[in-house]
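Dear colleague,

Here is the model I said I would pass on. My notes on it follow.

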Amino acid sequence: MNLRIKSFEEYQSKYQESIENPEEFWGAIAETFSWQKKWDKTLDWNFSEPKINWFKGGKLNITENLLDRHLPERAEQVAFYWEPNDINAEGKTITYQELHDQVCQLSNGLKELGVQKGDRVCIYMPMVLESVVAILACARVGAVHSIIFAGFSSNALADRIDDAKAKLVITADGLNRGTKQVDLKSMVDEGVKNCSSIENVIVLNCINSQPNMKEGRDIDYHTLIKGKSSTFAAEPMDAEDMLFILYTSGSTGKPKGVVHTCGGYMVYTSYSFENVFQYNEGDVFWCTADIGWITGHSYIVYGPLLSGASSIIFEGVPTYPDAGRFWQVCEKYKVNQFYTAPTAIRTLMAHGLDVVNQYDLSSLKVIGSVGEPINEEAWNWYYENIGKNNCPIVDTWWQTETGGIMLSGLGDLSPMNPTHAGYPLPGIQPVLLDADGNEITENEKEGYLCMKFPWPSILRTTYGDHDRCKNTYFSNYDGYYFTGDGAKRDKNGMYRIIGRVDDVINVSGHRFGTAEIEDALNTNEFAIESAVVGYPHDIKGQGIYAYVVVENATNKELSEITASLTESVSQGIGRIAKPDKIQIVTGLPKTRSGKIMRRILRKIAEGEQSNFGDTSTLLDPSVVDEIVKESL
Ligand code: WTA
């Protein structure tokens, strides 16, 4: 915990330093970690292939840095407080020593199953302490983890297992979520049945459901670790060896496996954690994300542990047993830094202040937001009622691909401006480009947000398909990393994110590609063709609007068809991607060359009835009138 910047002036000078001498800047930060062997070259890069190597030749194991390194001074310190879904159930804590021991035991278990350096292991688990143990055991043996959010369907799970050719799944019998229990084991059974790469499934008992165990394939988690040694020599990894794959949605095709590597990711997540949240010795940090998303990877697991923090893992949901749950947990653990998503803030805002005011939130020092733009109303409510006009809001902009927070205030050091994410962290060099790729220098002019220099936790590739990485992120503008977001900069140099400029929609802070949802809809027996767009949604930020052309439907009730279409999305992706609105249409607005004019569909979804701009390239303009009529 020695990476912290302590004033805004220091931030400014560090920023300057990081731009003028990036290698020296990051090299000095990397020195504070424990390496088995020092790197040969700090940075070697070009964005055209792309090739990005940080600390190449350096040998390390990230788990030695987040466990062993801390043991002399933190063995008895709590690493995580686990708060169960059921408010009356007893929580658990795990110290750094206990976490170390459990990680080593499971590492020994993985070794026994034949898991080796470089093997891919899929983790499909609830928000429990063993999920962190599973993640770190993979890292300790040098296996590459691929965590799949437990809300994804068995089909989505299978797609990701196949893409990564994972040999092992670590899962649980089920999970608790509010009033519901989800049967994870059956989802896994269904998902892996056609995955030839899978050799074993490790099953943790979470809900006592005693699932069927497939002989020779399935192993009970506790049986596996029983009697295993609590030491394990961590596998030496090159700084550029893969640490994990995380699947995320893009404009086209199936989700891609974003690859992060060991050294740079370690350096950046820890550095950004300490600085953005201004984490102090003894503080309690709480990030409410799920470990299945990048926010959970970087700011529940890796960043906090690397910095020797104590934090919370919450199994439940913000509204169970009531909308005061977040605040009850903040009071119970005297949370100092609280990090959540705008969609949660808007949901809780709608439940009024009584439920907030029952709790003592005076321990809070910094409150954060992530995942989507935070609207001014939500920002103000959060600032006044949760932060009590006394806590800075860190509006952190970043992406799965960036590995860590890129634009944000640093705790209470930086000036704030509602709805503005703020300044780049040291080492981050954002630019705004116009459509021709020229850098925009004027203030308040919207452009495409790009990065012109690598930072340690930038993605290295997309798993199994380097060209896809190049085409998606490094080809739109030569020499730049393209984020997919539009943004502008105010006169003080603070960035404001406008939102995605591609066919990615951000629903409750979760990313989906419109094409992915269309693919799921198109598997439906009634669907001929579909087009999906995002539209503004009060709580979710964006909602999903699906236009579907159907056949064989004359003798069916409309509600039956929409229910069936919804079910197709639940099965193809998961319930989290269910369309908010489905409109059955007779045709889609297409250009003469057959391209769907989504611009028009987006406007209709927003409630526009005319003024569709230039429609002269439409093959059949009457389709538009019909859709508008049907939408009313
Ligand atoms: C959006 C989540 C505005 C953005 C960490 C980005 C945000 C996408 C913010 C990445 C923010 C994330 N303000 N928009 N503070 N944070 N976004 O990969 O559109 O799930 O490109 O990573 O979320 O989503 P992802």
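Helices H19 and H20 are roughly parallel to each other, because their angle falls under the 35 degrees used as the limit. (Over 145 degrees counts as roughly antiparallel, 65 to 115 as roughly perpendicular and the rest as oblique.) H19 covers residues 598-605 and H20 residues 622-631; they pack at about 25°, with their axes 10 Å apart. Axes are lines fitted to C-alpha atoms, for helices over the stretch in contact, and angles run from 0 to 180 degrees between N-to-C directions. Helices (H or I, at least four residues) and strands (E, at least two) are DSSP runs, numbered from the N terminus. The crossing of H19 and H20 is right-handed, meaning that the near helix is turned clockwise from the far one by less than a right angle; anticlockwise would be left-handed.

This is a predicted model: local features need pLDDT of at least 70, side-chain atom pairs count only at pLDDT 80 or more, and totals for chains, interfaces and linings use all residues. Residues are numbered from 1 along each chain as its sequence is written, and side-chain values use heavy atoms, with hydrogens and water left out.

A second helix pair is H5 (residues 96-112) and H6 (residues 129-141), packed at about 60° with axes 8 Å apart. That angle makes H5 oblique to H6. Their crossing is right-handed.

Now the ligand. It is surrounded by 17 residues (a heavy atom within 4 Å), and the closest are Asp395, Thr396, Thr400, Asp485 and Arg511. The shell divides into 6 nonpolar, 6 polar and 5 charged residues. Here Ala, Val, Leu, Ile, Met, Phe, Trp, Tyr, Cys and Pro count as nonpolar, Asp, Glu, Lys and Arg as charged, and the others, Gly among them, as polar.

Polar contacts are pairs of N or O atoms within 3.5 Å. In one of them, a polar backbone atom of Thr396 is 2.8 Å from a nitrogen atom of the ligand. Polar side-chain atoms of Arg500 and Asn506 lie 2.8 Å and 3.2 Å, respectively, from an oxygen atom of the ligand. Taken alone, the ligand exposes 530 Å², of which the protein buries 96% (Shrake-Rupley method, 1.4 Å probe). Helix H11 (294-306), strand S20 (393-396) and strand S25 (495-500) are the elements that give two or more residues to the shell.

Three backbone features are in loops. The peptide bond from Glu49 to Pro50 is cis, with omega near -10°; Pro50 is in the loop between strands S1 (41-46) and S2 (51-56). Tyr320 and Pro321 are also joined by a cis bond, omega about 0°, and Pro321 sits between strand S17 (310-314) and helix H12 (325-333). Gln278 is not a glycine but has a positive phi of about 45°; its loop runs between helix H10 (262-277) and strand S16 (284-287).

Regards

Conventions: A polar contact is a pair of N or O atoms within 3.5 Å; within protein, one must be able to donate a hydrogen and the other to accept it, and residues adjacent in sequence count only if both atoms are side-chain atoms.
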